[in-house]
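This report looks at a few backbone details, at the packing of some helices and at the surroundings of an RNA strand. Please keep the sequence and the structure at hand while reading.

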Amino acid sequence: MTSSSEFAKVYDPAQVEAPLYAHWRDQGYFQPADGDAPHFTVVLPPPNVTGRLHMGHALTATIEDTLVRWHRMRGHRALWLPGTDHAGIATQVMVERQLAKEGKTRQGVGREAFLDKVWEWKEEHGGIIDEQHERLGASLDWSRYRFTMDEVSSRAVREAFVRLHEQGLIYRDYRLINWDHGSQTALSDLEVEHTETDGKLWHIAYPVADSETGERLTVATTRPETMLGDTAVAVHPDDERYQHLIGEHIELPLTGRKIPIIADDILVKMGFGTGAVKVTPAHDPNDFATGKRHDLELIQVIGFDNEFIEPAPAKYVGLTVQAARKAVLADLEAAGLLVETKDHKLSIGRSQRSGVIVEPLPSTQWFVKVGPLAEKALAAVEQGDTVIYPQHRTADYYRWMENIRDWCISRQLWWGHRIPAWHCESCGAITVAREDPSACSECGGADIHQDEDVLDTWFSSGLWPLTTLGWPAEDNELPRFYSTSLMETGWDILFFWVARMMMFGLHFTGEVPFKTIFLHSMVLGEDKRKMSKTKGNVVDPVSLIDTYGTDALRFYLCTMAGQDAGIVFSKARVEGYRNFCNKLWNAARFASMKLDGLELERWRAEILDDPATGLERLSTADRWILGRALALAEDFAQKLGDWRLDLAAHAAYQFVWHELCDWYLELSKRRLSADADPAERHATQGTLATVFDLVLRVLHPMIPFITETIWQRLPRPAGSGDSLMLAAWPCAPEAGAGEGDARTLAGPVAQVGALLADARVVEAGHDIERLIAVVTNHRMLKAESKVSPAQPVDVVVRTDDAAVAASLARVAESAQFVGRMKSLTILGADDQLPKACSVAVVGGVEIGLPLEGLVDLDEERKRLGKEVAKKEKALGGLEKKLGNEKFVAKAPPEVVAKERERLVALKDSLAKQRALLERISQ
RNA sequence: GGGCGCGUAACUCAGUGGUAGAGUGCCACCUUCACACGGUGGAAGUCACAGGUUCAAGUCCUGUCGCGCCCA
């Protein structure tokens, strides 16, 4: 690709992202490699074709893309499969709304024409979310794009339906279903949202028929209007109050009907209310079950339009449920039968789509018998074939699978997979077939018509891991990519797709659809509440990308990926990661300005291929940063492997900002200047380039755009390839790649174990640590003494330890440079710091600022006094701890030893500070 | 009602029994030749509360309170 070596002063994501993404995509980089390397396959949970990207999608895509890119760089056959879901109700409603604007209805235009409209709409307005995934940098293999209504999916749906029907796992039945009168369709249990609402509990007196004493039986209900459909009253068989009434009848008010009083120990709880319960089998799931047990009549008084119908008494027919309730209550009141009204909390089920209250109504529908499917899905997780993270979510999965009810899959919609069943007008038989039949399979009659209903969208999305790989075609890709590696999604929809994909995947292939299920938390608004349009707390990821860049958003989401509670969105943090990107950019800008003349291959040959003498050519800082960069690569991989994207991101952030930028770049400036010794300059140039190469590879999976852009502009080893996307990850060793000191990496530095263990690298680490302590403390002293940072001062350090002195000597020049000191003098055991001196003590080193005439001795005494008091307090605590016999006896020896070391160091430091305090007090 | 998770600096979050951390914000200072989307230094904590286990608890156990999500 064309790359400019020009670095703007500020990183501008908008300039690089779109062209870079197009380049990756057009080069075919998103397609899996050939060969027999292990595969890493992920199916993107299919978003609605009508959908817009929200923070949950962005989180899923970021986590998945990070892991997919990581595996791709590790040489695995990485495949990430995109696509969308036809979203039955949502899409149909959207097109119906459009028609309504033209004054039309779907019934008016007819089924065929309506479906044409929907397809038209889908072509025009669908798939926006795909473009939004592109903006996120998602390395999805678009060449394998799938839509749940396309040919492959349709064939799969038909195959699955027919097979399940043949196996007796799909059946048709007349029973209570959740009816959404807004969308005029049945719903599955999961499409009903329950909300707690303030309601009433009404007590109604039902006169006992033919009672000589005028006895009345009081029932309590939250839905008085349904009494018009009552076909029994139930009491508990053990309830002594009502023994004499069992088998008698009730004169059902307002209807003129007589209904039996029955005994039922499942429906009735003796302690609740009056102990007598009205039974309305047509309008309540529990009552429906009771009706089955007692062979009760089913009287449906509420119709599919939310209005009362016959055989309800004529005066109520045509009333809405709400109006009927008012009328019934008024009539009962007038009849003196309404005995009590109480406040009562109840849970109301609303349609997830249309928002109307869902009415349980009796209807003939198609169902999946999920028991046998759930059993296998349960066992797969129990056996560990599929592992769920975080682990505690496994219990939710079990509980749900164990209590699952049969799944109503027919929908009275037009947009969806039409049920492959044909009804015979002659004999009434139903023919279920893979290919459209022309005659009834029973009687051979030609007068057949296809079932009007379509399947629940989830029926097709449940087949997603199969259809995305081409199932059920003969030449499908299941052998190469199934079971997939990972399903990543929010824990709130574990049951929607994850559970269904598990059931179908196992049933049709015998293998789990995914090895790992990784569930992330919900992204909440800045007000800590679930994002919703009505609350107005929705954050749009695309506008965040516009403002801060894709990488900033991705990095933020990575740092949140480990959250177990809700993720409370924080714009400030996204901004912080935007700043991080800019920091990285500017560090690279600096490097690009300093790397002229670098011959990287020569450097690699001299330094890396011959570490024995090569390391000698590097500065202390070079050796240190090289070791740190390699340690980061290993640490990062380890954390990704543990699903801790947050910790990995944090480690990389700390390295880039607080080691690479804060210290290494500063330390290297002198050796990188044009007038530096050419050999030294070259050694440091090579280190700088190599460290950048390493850190860019490490960060690429999380922040792909900026890392690729920089990588293209900085020198890199020959044979690294054309794109960072496909460059080798400096990976933790695979099996056989060596252990300990012998372990090697595939990235720019091969002998990682040996390098990290090299005594010279270890020593460099200690030296730089010491340098940082000296420089930091001297800055602190200057600031405390109110000396201008611009004014260079003389610095004196003193130590009793010859080894420490030697270490200090190795870094003295560098310390002087980065600390902008006038001079740095190292004193030994026999020397003393000057008297008029501001002092800090750290790690056995006294750091002094002899500020003749500048230091205010009173201030310095105060400051030192405070320090001494602080340390005395710490010392007291430590002595007490070590004086505790139990601690010494029971704590692990290494802990005790560590505390003893601390005590010695603290005593030493305290003694020195006391002495200094005394000296300046003279 | 049941289940799960979370309460750590002003805010957003790490912290895997052994010296309480990061980023942002705040205060002071700095136009140091990569970066003010920057640099240097600093202040800031009853780790929700109450018990318990332990030599040692932010971390483990029990309870209480608060928040969130899922299921019914």
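P390 sits in the loop that runs between β15 (387-389) and α11. In this predicted model, the peptide bond that joins Y389 and P390 is cis, with omega at about -10°. Another cis peptide bond links Y482 and S483, and omega there is about 0°. S483 is placed in the loop between α14 (478-481) and β22 (484-490).

A further backbone detail concerns N306. This residue is not a glycine, yet its phi is positive, near 70°. N306 belongs to the loop between α8 (285-294) and α9 (321-334).

**Helix packing**

Two packed helices are described by the angle between their axes and by the distance between those axes. Three pairs are set out below.

| Pair | Angle | Axis distance |
|---|---|---|
| α21 (620-641) and α23 (678-699) | about 10° | 10 Å |
| α18 and α23 | roughly 150° | within 10 Å |
| α18 and α24 (704-713) | about 0° | 11 Å |

How do α21 and α23 run relative to each other? An angle under 35 degrees counts as roughly parallel, and α21 and α23 pack at about 10°. The two helices are therefore roughly parallel to each other. The crossing of α21 past α23 is left-handed. On the α21 side the contact is formed by D622, I625, L626, A629, L630, L632, A633 and F636, and these meet A683, T684, T687, T690, V691, L694, V695 and V698 of α23. Sorted by class, this contact of α21 with α23 holds 12 nonpolar, 3 polar and 1 charged residues.

Helix α23 also packs with α18. The axes of α18 and α23 cross at roughly 150°, and an angle over 145 degrees counts as roughly antiparallel. Helices α18 and α23 are therefore roughly antiparallel to each other. The crossing of α18 past α23 is left-handed. From α18 the contact takes in F580, L584, A587, A588, A591 and K594, and from α23 it takes in R681, Q685, L688, F692 and L699. Of the residues in the contact of α18 with α23, 8 are nonpolar, 1 is polar and 2 are charged.

Helix α18 has a further partner in α24. The angle between α18 and α24 is about 0°, so these helices are roughly parallel to each other. Here C581, L584, W585 and A588 of α18 meet I706, T709, I710 and R713 of α24. The contact of α18 with α24 divides into 6 nonpolar residues, 1 polar and 1 charged. L584 and A588 take part in the contact with α23 and in the contact with α24.

**Around the RNA**

Helix α18 appears again at RNA strand B. Which element gives the largest share of the surface near RNA strand B? That share comes from α18, with 11 residues.

In total, 57 residues surround RNA strand B, and those that come nearest are R399, Q563, V568, N586 and K890. By class, the surface near the strand has 22 nonpolar, 13 polar and 22 charged residues. Which parts of the strand face the protein? Among the atoms of RNA strand B within 4 Å of the protein, 67% belong to sugar or phosphate, and the rest belong to bases.

Some polar pairs can be named. An N or O atom in the side chain of N582 is 2.7 Å from a sugar or linking oxygen of RNA strand B. For R644, a polar side-chain atom lies 2.9 Å from a phosphate oxygen of the strand. R902 has a polar side-chain atom 3.2 Å from a sugar or linking oxygen of RNA strand B. The elements that give two or more residues to this surface are α11 (394-402), β25 (567-568), α18 (571-594), α22 (645-672), α26 (759-784), α29 (885-890) and α30 (893-921).

Terms used
Residues numbered from 1 in each chain as written. Chains lettered and ligands numbered in written order. Predicted model: local features only at pLDDT ≥ 70, side-chain atom pairs only at ≥ 80, totals over all residues. Heavy atoms only, no water. Near = heavy atom within 4 Å. Polar contact = N/O pair within 3.5 Å; in protein donor to acceptor, adjacent residues only side chain to side chain. Helix = DSSP H or I, 4+ residues; strand = E, 2+ residues; numbered from the N terminus. Nonpolar A, V, L, I, M, F, W, Y, C, P; charged D, E, K, R; others polar. Axes fitted to C-alpha atoms, helices over the stretch in contact; angles between N-to-C directions. Parallel < 35°, antiparallel > 145°, perpendicular 65-115°, else oblique. Left-handed = near helix turned anticlockwise from the far one by under 90°. Contact = heavy atoms within 4.5 Å.
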